[in-house]
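The following exercises are to be worked with the sequence and the structure at hand. Each task is followed by a solution in steps.

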Amino acid sequence: MNCAVISRRRATPLETPMKTKNQLALAPWVFTVGFFILWEVVCRALKVSSFILPAPSTILLAVWEYRNQLAYHAMHTLWMTLAGFGLAVGFGLLLGMVLGSSRLINAGSYPLLVGFNSIPKVAVVPILVFWFGVGWVPPVLTAFLISFFPIVVNVATGIATVEPEMEDVLRALGASKRDIVFKVGVPRAMPYFFGSLKVAITLAYVGSVIGEQNASNVGIGNLLTRASAAFEVPLVWAALVVLAVLGVVMYAATAYVEQSMTGWAQRSQMAA
């Protein structure tokens with residue numbers, strides 16, 4: 001009797017990473033769509049009132065209905081967030097380099113930085129209004145104040161963790177402290193720096209919205225305040241969805257730049 005032997009074709013070494021890459025590319029879409037489908041099903045099955053929790057379909061209708069208004073305010077929020085984020089990147093990078101290259105300045109400055117970062121930024125907005133009045137300046141500065149701290153900490157950590165043995169070798173070869181910081185410390189800190197940017201960009205959105213709610217006549221934060229006062233719940237949720245989309249887009253852009261500039265630092269081969 002002839003026995004049929006069924007052999008299973010094994011994936012080649014090149015096919016496995018490609019399959020994993022495709023799965024990772026699809027995962028965000030599958031999880032996001034699944035989340036909104038579950039949300040829709042729960043709202044309809046339990047007959048949840050739109051005043052309590054609108055279904056995604058109701059929110060999408062509100063987005064379309066108020067599209068012009070949302071687009072106008074979203075553009076203001078976007079540029080105020082990017083302005084504050086840009087200030088945070090420049091200031092955080094410079095201050096992080098100073099703290100990472102000097103133990104004395106690091107030890108002296110950290111209590112001040114931690115204490116300032118512990119202050120709720122919503123409490124600082126009235127002071128900014130006293131100084132600059134109502135307008136675009138308080139939201140920009142609030143976005144800056146709430147987002148620079150992670151950049152400072154991560155850049156300082158990246159520079160300060162250069163191996164002492166490497167520093168000794170470089171000094172023996174005639175390198176100055178400035179050479180060590182800029183040619184070794186800064187490149188070493190880049191993965192830390194870009195990791196902090198992904199945190200800082202989301203914090204910058206939080207800061208700009210807080211500033212808009214308290215000290216601006218435009219922006220998603222101002223729209224949220226007015227819609228909440230008028231009990232326009234679908235508009236509130238539509239504004240929140242727009243904020244979420246803007247945040248995801250900016251996070252993805254930051255992650256893309258990180259992958260382009262520091263891909264050499266990502267060596268993990270763990271399977272999905």
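**Exercise 1. State what percentage of the 272 residues in the protein chain is buried.**

Solution. Buried residues are those under 20% relative accessible area, exposed ones are over 50%, and partly exposed ones lie in between (1.4 Å probe, protein chains only). By this rule, 35% of the 272 residues in the protein chain are buried. The model is a predicted one, in which local features need pLDDT of at least 70 and side-chain atom pairs count only at pLDDT 80 or more, while totals for chains, interfaces and linings use all residues. Residues are numbered from 1 along each chain as its sequence is written, and side-chain values use heavy atoms, with hydrogens and water left out.

The outer surface comes next: the protein chain exposes about 16,900 Å² (Shrake-Rupley method, 1.4 Å probe; for residues, only the protein chains shown count as cover). Carbon and sulfur atoms supply 70% of that area.

**Exercise 2. Determine how many helices and strands the protein chain has, and what share of its contacts joins residues 24 or more positions apart.**

Solution. Helices (H or I, at least four residues) and strands (E, at least two) are DSSP runs, numbered from the N terminus. The protein chain has 10 helices and 0 strands. For the second part, a contact means heavy atoms within 4.5 Å. Among the contacts with a separation of 6 or more, 75% are between residues 24 or more positions apart.

**Exercise 3. Describe the largest pocket by its volume, its lining and the elements that contribute to the lining.**

Solution. The search uses a 1 Å grid over the protein atoms alone; a pocket is an open set of points where a 1.4 Å probe fits, with protein on both sides within 12 Å along at least five of seven lines, and lining residues have an atom within 4 Å of a point. The volume of the largest pocket, taken as the space filled by probe spheres set on the points, is about 930 Å³. Its lining has 17 residues, and Pro28, Trp29, Thr32, Val248 and Val249 are the closest to the centre. Two or more lining residues come from each of α1 (15–45), α2 (56–65) and α10 (233–262). Helix α1 gives the largest share, 8 residues.

The final step is the class of these residues. Ala, Val, Leu, Ile, Met, Phe, Trp, Tyr, Cys and Pro count as nonpolar, Asp, Glu, Lys and Arg as charged, and the others, Gly among them, as polar. The lining then divides into 15 nonpolar, 1 polar and 1 charged residues.

**Exercise 4. Locate Lys47 and Phe231, and decide whether each is buried or exposed.**

Solution. Most residues other than glycine have a negative phi. Lys47, by contrast, has a positive phi near 55°. Lys47 sits in the loop between α1 and α2 and is exposed, at 75% relative accessible area.

Phe231 also has a positive phi, of about 60°. Phe231 belongs to the loop between α9 (220–229) and α10, and its relative accessible area of 60% makes Phe231 exposed.

**Exercise 5. Identify the buried residues of α9 and the helices against which they pack; then list what Thr77 touches.**

Solution. In α9 the buried residues are Ile220, Gly221, Asn222, Leu223, Leu224 and Ala227. They pack against α3 (67–101), α8 (177–215) and α10. Thr77 is a residue of helix α3 and is buried, with a relative accessible area of 0%. Leaving aside residues up to four places away in sequence, Thr77 touches Tyr205, Ser208, Glu212, Gly219, Ile220, Gly221 and Leu243.

**Exercise 6. Analyse the ring pairs that link Phe35, Phe36, Trp39 and Trp237 into a cluster.**

Solution. Rings of Phe, Tyr and Trp (its six-membered ring) pair if their centres lie within 6.5 Å; planes under 30 degrees apart count as stacked, over 60 as edge-to-face and the rest as tilted. This rule gives 12 aromatic pairs. One of them joins Phe35 and Phe36 edge-to-face, at 5.4 Å centre to centre and 75° between the planes. Phe35 is partly exposed at 49% relative accessibility, and Phe36 is partly exposed at 33%.

Trp39 and Trp237 also form an edge-to-face pair, with 5.7 Å centre to centre and 65° between the planes. This pair links distant parts of the chain, since Trp39 in helix α1 and Trp237 in helix α10 are 198 residues apart. Trp39 is buried at 14% relative accessibility, whereas Trp237 is partly exposed at 26%.
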